[in-house]
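Trainee: Could we go through this protein together? I'd like to see how each label gets its backing.

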Amino acid sequence: MNAFDTPAPTPIRPYLVRFVIAYLAALALVALIIAVLSLSSGGSGAAAAALISAATYTAGKFVNDTRRAPSQSERRRLVWSSLAIAMTVQLGFTLLLVDRPNPGVVLVVSLLIGAIYWLGLRFAYSEWMAKRTLQGIEKRQTQRGSKQA
């Protein structure tokens with residue numbers, strides 16, 4: 001492959017499945033920690049941390065599998081699909097946990113949370129993060145090679 005070749009697009013669906021599993025697991029872990037420590041607040045910040053953790057894991061898996069950063073098109077699809085998944089989960093929890101939610105309040109809060117989540121996802125799936133992940137993979141491979149020699 002030369003500098004003018006573009007990589008074949010990688011199917012995104014397997015990475016979105018990984019994102020869903022990682023996101024739900026991270027949310028469950030956050031809920032467990034909040035319950036065990038009897039914390040009365042911190043849910044929204046912890047939910048954002050769970051989102052970024054799941055996206056970082058997913059991006060790392062993508063880089064590990066493909067040995068490259070996601071293309072702009074792949075990154076866009078990962079960000080927007082992950083955001084749709086996260087907002088669906090968020091709305092589902094809101095409807096389950098809040099008795100008679102005010103639709104106007106839910107809409108405004110969802111838009112604000114969505115904007116914060118979008119920024120976090122853009123960072124987690126960024127080219128900078130992918131390059132850092134790839135450097136870490138290459139460093140580990142170099143260390144393994146030197147240990148075997």
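Mentor: Sure, and keep in mind that this is a predicted model. Let's start with L37, which lies in the loop between α1 (13-36) and α2 (43-66).

Trainee: Why is L37 called exposed?

Mentor: Its relative accessible area is 55%. Exposed means over 50%, so L37 gets that label with its 55%.

Trainee: What makes L37 part of a patch on the surface?

Mentor: L37 joins L29, L32, I33, V36 and L39 in a nonpolar patch. Together these residues have about 580 Å² of accessible area. Patch members need over 30% relative accessible area, and L37 has 55%, so L37 passes that cut-off. Nonpolar side chains are joined within 5 Å.

Trainee: Next one: where is E138, and why is E138 called partly exposed?

Mentor: You'll find E138 in helix α5 (residues 127-148). The relative accessible area of E138 is 42%. Buried would be under 20% and exposed over 50%; 42% falls in between, so E138 is partly exposed.

Trainee: How far from G120 is E138?

Mentor: In sequence, E138 and G120 are 18 residues apart. In space, the two are 26 Å apart, C-alpha to C-alpha.

Trainee: And R67: how do you know which label R67 gets?

Mentor: R67 is found in the loop between α2 and α3 (72-97). Its relative accessible area is 38%. That value sits between 20% and 50%, so R67 counts as partly exposed.

Trainee: What makes the patch with R67 positive?

Mentor: R67 gathers there with R140, R144 and K147. Lys and Arg count as positive, so these four make a patch of positive charge on the surface. With 38%, R67 is also over the 30% cut-off for a patch.

Trainee: What about charges across the whole chain?

Mentor: There are 16 positive and 6 negative charges, and their mean positions are 5 Å apart.

Trainee: How many helices and strands does the chain have?

Mentor: Five helices and zero strands. From the N terminus on, the order is α-α-α-α-α. The C-alpha atoms fill a box of roughly 60 × 35 × 20 Å along the principal axes.

Trainee: And what share of the residues counts as buried?

Mentor: Of the 149 residues, 31%. The chain exposes about 9900 Å², with carbon and sulfur atoms supplying 65% of that area.

Note on methods
Residues are numbered from 1 along each chain as its sequence is written. This is a predicted model: local features need pLDDT of at least 70, side-chain atom pairs count only at pLDDT 80 or more; totals for chains, interfaces and linings use all residues. Side-chain values use heavy atoms; hydrogens and water are left out. Helices (H or I, at least four residues) and strands (E, at least two) are DSSP runs, numbered from the N terminus. Buried means under 20% relative accessible area, exposed over 50%, partly exposed in between (1.4 Å probe, protein chains only). Accessible areas come from the Shrake-Rupley method with a 1.4 Å probe; for residues, only the protein chains shown count as cover. The place of a charge is taken as NZ of Lys, CZ of Arg, CG of Asp or CD of Glu. Patches are made of residues with over 30% relative accessible area and no salt bridge: like charges are joined within 9 Å, nonpolar side chains (Val, Leu, Ile, Met, Phe, Trp, Tyr) within 5 Å. A salt bridge is a side-chain nitrogen of Lys or Arg within 4 Å of a carboxyl oxygen of Asp or Glu.
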